Amino acid sequence: AVTLRDLPAVKLHPMWQGPLVVPGGDRQSPIDIVVRKSVFDSELKPLVTDYDPQTCQQIWNNGYSFLVEYDDTTDKSTLKGGPLQDKFRLCQFHFHWGESNAWGSEHTVDRRLFPAELHLVHWNSDKYSLFEEAVMEDNGLAVIGVFLKVGRRHEGLQKLVDALPAIRHKGSVVEFTRFDPACLLPTNTEDYWTYHGSLTTPPLTESVTWIVMKQHIEVSHDQLAVFRSLLFTSAEEEVQKSMVNNFRVQQPLCGRSVRSSFT
Ligand code: SG6
Ligand code: ZN
């Protein structure tokens, strides 16, 4: 069993305290992607994202990250193709980041860390009727991971960055509409790695088909600085804690293979 003591990055965060132990543990995420050990699979198709910005609803600080949430009661924003047999519905996206630009991503590539990582979370609407159901099941979720590097300012991300001061504290939520998540994908979505893994926070269920983009996106240092101005703590707490280092450390591969869509 994997215990949550294995998570130094988030040890101090209340969400992780207590004796919680998860079952299993040989398909955990994130992992280090070793490029020369990944296996090219010519059967892997291009990803097909079909997102409707009208399904974007709100942005909230859940005390661990900030989430942009989408109406997932119908198949209006979906992901198909790639390694997937079924249709998956977008429910939210969020990020993980570090206190400095030297680390912050959950996945790594040949041990290389990125300052942040975007996760677009989808659930299998062909097989299940609710996220809560899918999260417990094999093949229940598909998460797209995109690495962020520091460079030029990202125009699409700025609308999000501008909303963050309103949700500084844990538990705060504001309306956030008409945001097209496709603007956060790299220009090349044909090249990716994929493997079977888990959620990177409790319940850590091993229900995720991970799709990690080879190409990163660029954001400015100032944009990441606004991420770091968020707080893990609620307005009532006396000692405020900056929301930084909200990533889990790499987990053992345990014999799994990482496939690549490119050579
Ligand atoms: C973030 O990641 C989110 C939280 C949760 C978690 O911390 O704040 O909402 O997401 C789908 C889900 O439960 C795990 O998602 S992840 O594995 O993509 N990192
Ligand atoms: Zn995540």
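Reader: Which residues surround ligand 1, and which of them are the closest?

Author: One reads a binding site by listing its neighbours. In this predicted model, 16 residues surround ligand 1. The closest are N62, Y64, Q92, T200 and T201.

Reader: Which side chains have an N or O atom at short range from an oxygen or nitrogen atom of ligand 1?

Author: A polar contact is a pair of N or O atoms within 3.5 Å, so each distance is read against that cut-off. An oxygen atom of ligand 1 lies 3.1 Å from an N or O atom in the side chain of Q92. For the side chain of H94, the corresponding distance to an oxygen atom of the ligand is 3.3 Å. H96 is paired with a nitrogen atom of ligand 1, at 3.2 Å from an N or O atom of the H96 side chain.

Reader: What area does ligand 1 expose when taken alone, and how much of that does the protein bury?

Author: Here the ligand by itself is set against the ligand in its place. Taken alone, ligand 1 exposes 430 Å², and 92% of that is buried by the protein.

Reader: Which pocket corresponds to the space taken by ligand 1?

Author: That space is the largest pocket. The elements that give two or more residues to the shell around the ligand are β9 (88-97) and β11 (116-124). The largest share of this shell comes from β9, with three residues.

Reader: How do the residues of that shell divide into nonpolar, polar and charged?

Author: The shell around ligand 1 holds seven nonpolar residues, eight polar ones and one charged residue.

Reader: How should the largest pocket itself be described: how much space lies in it, and how many residues line it?

Author: A pocket is read by its volume, then by its lining. About 350 Å³ of space lies in the largest pocket. Its lining has 19 residues, of which Q92, H94, L199, T201 and P202 lie nearest the centre. Two or more lining residues come from each of β9 and β11, and the largest share, three residues, is that of β9. By class, the lining has eleven nonpolar and eight polar residues, with no charged residues.

Reader: What space lies in the second largest pocket, and which residues line it?

Author: The second largest pocket has about 220 Å³ of space. Its lining consists of L67, E69, D72, T73, R89, C91, Q92, W123, S129, L130, F131 and E132. The elements that contribute two or more of these residues are β7 (66-70), β9 and α1 (131-134). Of the contributors, β9 gives the most, with three residues. The lining divides into five nonpolar, three polar and four charged residues. Q92 thus deserves a second look: this residue is in the lining of the second largest pocket and is among those nearest the centre of the largest pocket.

Reader: Turning to the backbone, where are the cis peptide bonds at P30 and P203 placed?

Author: One reads omega for the bond, then locates the residue. S29 and P30 are joined by a cis peptide bond with omega of about 0 degrees. P30 is in the loop between β2 (21-22) and β3 (32-33). Another cis peptide bond joins P202 and P203, with omega of about 15 degrees. P203 belongs to the loop between β14 (192-197) and β15 (208-213). P202 is also one of the residues nearest the centre of the largest pocket.

Reader: What is the phi of R111, and where is this residue found?

Author: R111 has a positive phi of about 70 degrees, although it is not a glycine. R111 is located in the loop between β10 (108-109) and β11.

Note on methods
Residues are numbered from 1 along each chain as its sequence is written. Chains are lettered from A and ligands numbered from 1 in the order in which they are written. This is a predicted model: local features need pLDDT of at least 70, side-chain atom pairs count only at pLDDT 80 or more; totals for chains, interfaces and linings use all residues. Side-chain values use heavy atoms; hydrogens and water are left out. A residue is near a molecule or strand if one of its heavy atoms lies within 4 Å of it. A polar contact is a pair of N or O atoms within 3.5 Å; within protein, one must be able to donate a hydrogen and the other to accept it, and residues adjacent in sequence count only if both atoms are side-chain atoms. Accessible areas come from the Shrake-Rupley method with a 1.4 Å probe; for residues, only the protein chains shown count as cover. On a 1 Å grid over the protein atoms alone, a cavity is a set of points where a 1.4 Å probe fits but cannot get out, and a pocket is an open set with protein on both sides within 12 Å along at least five of seven lines; lining residues have an atom within 4 Å of a point. A molecule sits in a cavity or pocket if more than half of its atoms lie within 2 Å of its grid points. Helices (H or I, at least four residues) and strands (E, at least two) are DSSP runs, numbered from the N terminus. Ala, Val, Leu, Ile, Met, Phe, Trp, Tyr, Cys and Pro count as nonpolar, Asp, Glu, Lys and Arg as charged, and the others, Gly among them, as polar. Grid points are joined across faces, edges and corners, and a volume is the space filled by probe spheres set on the points.
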